[in-house]
Structures are given as structure tokens and as C-alpha cells.
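Biologist: Could you walk me through this one slowly? I am new to reading structures.

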Amino acid sequence: MRTYLVGGAVRDSLLGRPVVDRDHVVVGARPDDLLAQGYKPVGKDFPVFLHPHSGEEYALARTERKTGRGYHGFAFHADPDVTLEQDLARRDLTINAIAQDEHGALVDPYGGAQDIQRRLLRHVSPAFVEDPVRLLRVARFAARLAPLGFTVADETMTLLRQMVRDGEIDHLVPERVWAETRKALGEARPSVFLKVLRESGALAVLFPEIDALYGVPQRAEFHPEVDTGVHLEMVLDAAAQWAPGDDLVGFCALTHDLGKALTPAAELPRHVGHEQRGVEPLRALAARLRVPAEYAALAELVCREHLNAHRALELKPATVFRLLTSLDALRRPERLDTFLAACLADKRGRLGHEHDDYPQAAWLRCARDAAAAVTSAPFVAAGLQGPAVGAAMEKARIRAIAEMKLCNI
């Protein structure tokens with residue numbers, strides 16, 4: 001029995017990145033061998049165990065065989081006769097198919113270390129096309145490693161297109177699409193996720209509402225990048241820069257302008273009312289991917305209200321209060337922070353405006369604090385009851401917003 005460190009831990013170590021998870025593969029063993037040493041079984045589809053002391057994951061070396069369509073259409077074979085090279089061969093990318101023995105020596109039969117040097121995302125074998133999730137994983141890894149100069153190898157992009165043409169991605173379950181998308185939205189360059197999906201043809205299949213934004217013109221005086229799809233890519237990267245790792249902000253950024261794809265051609269390049277038009281496609285996308293309720297709710301608020309955030313300094317106090325109320329910001333200020341982060345990304349996701357000031361954020365936070373400072377106690381003490389207390393508090397909060405002193409903006 002021999003144990004090797006594999007996958008992301010080896011890859012990230014070679015890249016000089018922090019190692020988060022340490023996974024291992026065990027060669028020449030049976031499940032009973034690990035159970036006898038105190039390992040705890042956790043795998044459902046194939047033998048995976050947790051180390052009794054470190055809690056790190058150990059999987060028996062295995063091979064896999066395609067038996068049907070989609071992510072679940074595989075049969076696995078784990079046995080002491082499965083070699084390390086055979087186990088590595090079933091992995092998606094060469095940079096993820098490198099092992100390291102207990103002495104630190106690399107086992108790299110598919111050239112992953114060289115591809116790290118070449119900054120290439122390249123598939124291990126033609127069997128890559130058998131698992132549709134790999135298309136999303138490649139796009140996600142491209143988004144993560146783009147700042148280091150990584151690109152998708154031409155031959156791998158050819159296979160991604162083949163997976164779309166053959167209908168393999170049609171068998172992706174919504175939960176896996178959302179899981180990979182959510183991770184991608186928290187990566188360093190989420191725009192690359194969209195670019196890879198679009199180049200492969202998968203964006204139109206999985207995210208037709210987003211694909212429809214490409215080629216839609218905007219007014220150049222407000223959007224020098226003109227193309228709405230390009231604007232969306234810039235907004236996603238701005239969100240990743242100013243709210244790093246926050247996939248909730250990323251999802252709000254991803255869906256904030258869906259209504260622009262529905263603007264009548266005669267009205268282009270103006271997009272009057274796109275905030276309201278965007279709600280229906282956003283709801284359709286969220287329902288199809290089974291997006292968590294909080295993500296869908298906040299994304300809809302950003303879609304409907306992001307222009308009001310941009311106009312915050314000119315809004316009437318009552319309108320500001322309604323905006324804060326719609327966000328439930330007085331009770332949950334973190335929702336206002338998420339909303340403002342997405343709006344800031346929209347503001348800065350424009351060619352030549354990447355570092356624009358956004359005093360609206362500080363202004364709305366001050367308005368929130370002024371309104372939240374109004375409590376029910378004096379109105380109850382004055383003898384008001386029931387709905388009368390709420391009505392009086394609303395008036396007082398609007399007045400507090402109107403009278404608040406200038407913030408440090």
C-alpha cells in the first residue's frame with residue numbers, strides 16, 4: 001500500500017498558491033485495509049475515507065467507465081491492481097493529474113508540471129468529453145488562473161465545442177451548473193468563465209439570458225465599451241476586485257442588466273425601463289438553476305434598483321427610505337453592503353471608469369444610519385399604538401434622512 005498527495009494540493013504548491021485542501025490517493029489497498037487502520041468511510045459511489053487524525057481525504061485508486069449520459073453515467077472500479085497512472089488518467093486537466101510521494105517526488109505522467117510552466121489548461125485524455133461538468137470546471141479554472149496567464153489549450157477548446165455539439169451538456173443537472181457557477185463568481189476573473197462558455201457555445205445553452213446580452217449596444221457616452229456583454233464582463237471583474245470571493249455580489253452583478261437584451265430594437269441604444277424588464281428573465285434563470293432564495297432576492301433588488309443607487313444623491317428622502325426598506329436595510333445592514341458592492345461594480349465596470357468615485361455608497365449608508373436611529377420608544381411614550389406607531393416612525397425616518405448632516409463622502 002502506497003499513499004500519494006494528489007490534485008489541487010500539488011498543483012497549488014507548484015503555483016506558489018496557498019494549499020487549502022490536501023487529498024490523497026491510496027494504491028494497492030482494499031477498503032478493509034484502511035478500516036483496519038482507523039480510517040472513516042465517507043464515499044457513497046466509490047471508496048473514500050477520512051484519516052483518523054488529520055481528517056484529510058484518502059481515496060482508493062480507481063478507474064471509471066462511461067455507462068450513460070451526464071455526470072452520473074459512470075461505473076467505477078477500485079481495486080489493488082489499479083495503478084497510480086490509471087487513477088491520474090481519469091482526471092480532467094493535466095495540472096490536476098500530478099501526484100507527489102512521501103519523499104516529495106512528483107509523479108507526472110501527463111505533463112501537468114510542464115503545462116503549469118506553459119500556463120495551459122489542457123485535458124488529460126479524450127475521455128474528458130464523457131463528463132459534462134468538466135466543461136464548467138475548465139471555465140472556472142480559467143477564471144481562477146487567468147491572472148497568472150493561464151489560457152485554455154486549443155485542443156481542449158475543440159473538445160469543449162464537441163461536448164456542446166453532441167448535447168452532452170444538455171444532461172447537466174441544475175445543482176451542478178449552479179455549484180460551478182457560484183464558485184466561478186468568487187474567482188479572481190469571473191469574466192473569463194463567461195468567455196470560455198461563450199467560445200465553446202455553452203453559454204447560449206446554459207445561460208441564454210446572459211448570452212443574449214452580447215452584441216446589444218448601449219449609449220457610448222455612458223458606456224464607452226458599447227457592447228452590453230462586454231460591460232457585463234467588466235462588471236463581474238470589478239465585483240471580484242472590490243468584493244473578492246463574494247459570490248453573492250457576483251451573482252447580483254451577473255444578472256443586473258438582463259433587461260437590456262429585451263429592449264425593443266427601435267429604442268436602441270437607449271434602455272429605458274431595462275431594470276423592470278430584467279426581472280422576468282432573472283427569475284427564470286434563478287428558478288432553472290435552483291439558485292438559493294437570498295441570492296435570487298438580492299439579485300432582483302439590484303436589477304430593479306441599481307439606477308436608483310446611482311441617482312441616490314438626487315433622490316427625494318421618501319424615495320431613499322423606500323429603497324432602504326425594500327432592502328430591509330434597517331434590520332439587515334449587510335444586505336445594503338451587498339447591494340452597494342454590486343452597484344459600485346456596475347459603475348466601475350465601464351471602459352475608462354474603472355476607478356470612478358462612488359459617493360452614493362457612503363450617502364446611502366448615512367441615510368440608513370439616520371433612519372435606523374429613529375426608534376419606537378418616544379411614540380409609544382406619547383400614547384400611540386399599533387399601526388399609528390409605524391406610520392409615525394416612517395415619517396420621522398424620512399425626516400431624519402432629509403435633515404441628516406453631510407456625510408464624509
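Modeller: We will go through a sheet, then a cavity, and then a pair of helices, keeping in mind that this is a predicted model.

Biologist: Okay, the sheet. What is the order of its strands?

Modeller: The sheet is open and has seven strands, which follow the order β3-β4-β5-β2-β1-β8-β9, and their pairing is mixed. Strands β3 (40-41) and β9 (106-107) stand at the edges with a single partner strand each, so one side of each has no neighbour in the sheet.

Biologist: And what holds strands together in general?

Modeller: Strands of a sheet pair through backbone hydrogen bonds, and they can do this in a parallel or an antiparallel way.

Biologist: Which way do β4 and β5 run, parallel or antiparallel?

Modeller: They run antiparallel, with three bridges joining β4 (residues 48-50) to β5 (residues 57-60). If you look for F49, its bridge partner in β5 is Y58.

Biologist: Which strands does helix α1 touch?

Modeller: Helix α1, residues 8-15, packs on the sheet and touches β1 (2-6), β8 (99-100) and β9, and its direction makes about 55 degrees with that of β1.

Biologist: Switching topic: how many cavities of 30 Å³ or more are there?

Modeller: The structure holds one cavity of that size, and the volume of the largest cavity is about 40 Å³.

Biologist: What lines it?

Modeller: The lining of the largest cavity includes L185, L236, D246 and V249. The elements giving two or more residues to this lining are α11 (228-242) and α12 (247-255), and α11 gives the most, with three residues.

Biologist: How does that lining divide into nonpolar, polar and charged?

Modeller: Seven of the lining residues are nonpolar, two are polar and one is charged.

Biologist: Now the helices. At what angle do α6 and α8 cross?

Modeller: The axes of α6 (residues 154-165) and α8 (residues 190-200) cross at roughly 65 degrees and come within 8 Å. On the α6 side the contact is made by M157, L160, R161 and V164, while α8 brings V196, E199 and S200. Sorted by class, this contact has four nonpolar, one polar and two charged residues.

Biologist: Why is α8 described as largely enclosed?

Modeller: Eight of its eleven residues are buried, so α8 is largely enclosed by the rest of the structure. Among the buried residues of α8 are F193, L194 and L197, and V196 and S200 are on that list as well.

Biologist: Which residue takes a positive phi just after α8?

Modeller: That is G201, whose phi is about 95 degrees.

How values were computed: Residues numbered from 1 in each chain as written. Predicted model: local features only at pLDDT ≥ 70, side-chain atom pairs only at ≥ 80, totals over all residues. Heavy atoms only, no water. Pairing = 2+ DSSP bridges. Helix = DSSP H or I, 4+ residues; strand = E, 2+ residues; numbered from the N terminus. Contact = heavy atoms within 4.5 Å. Axes fitted to C-alpha atoms, helices over the stretch in contact; angles between N-to-C directions. 1 Å grid on protein atoms, 1.4 Å probe; cavity = no way out; pocket = protein on both sides within 12 Å on 5 of 7 lines; lining within 4 Å. Points joined across faces, edges and corners; volume = space filled by probe spheres on them. Nonpolar A, V, L, I, M, F, W, Y, C, P; charged D, E, K, R; others polar. Buried < 20%, exposed > 50% of the residue type's maximum accessible area, 1.4 Å probe, protein only.
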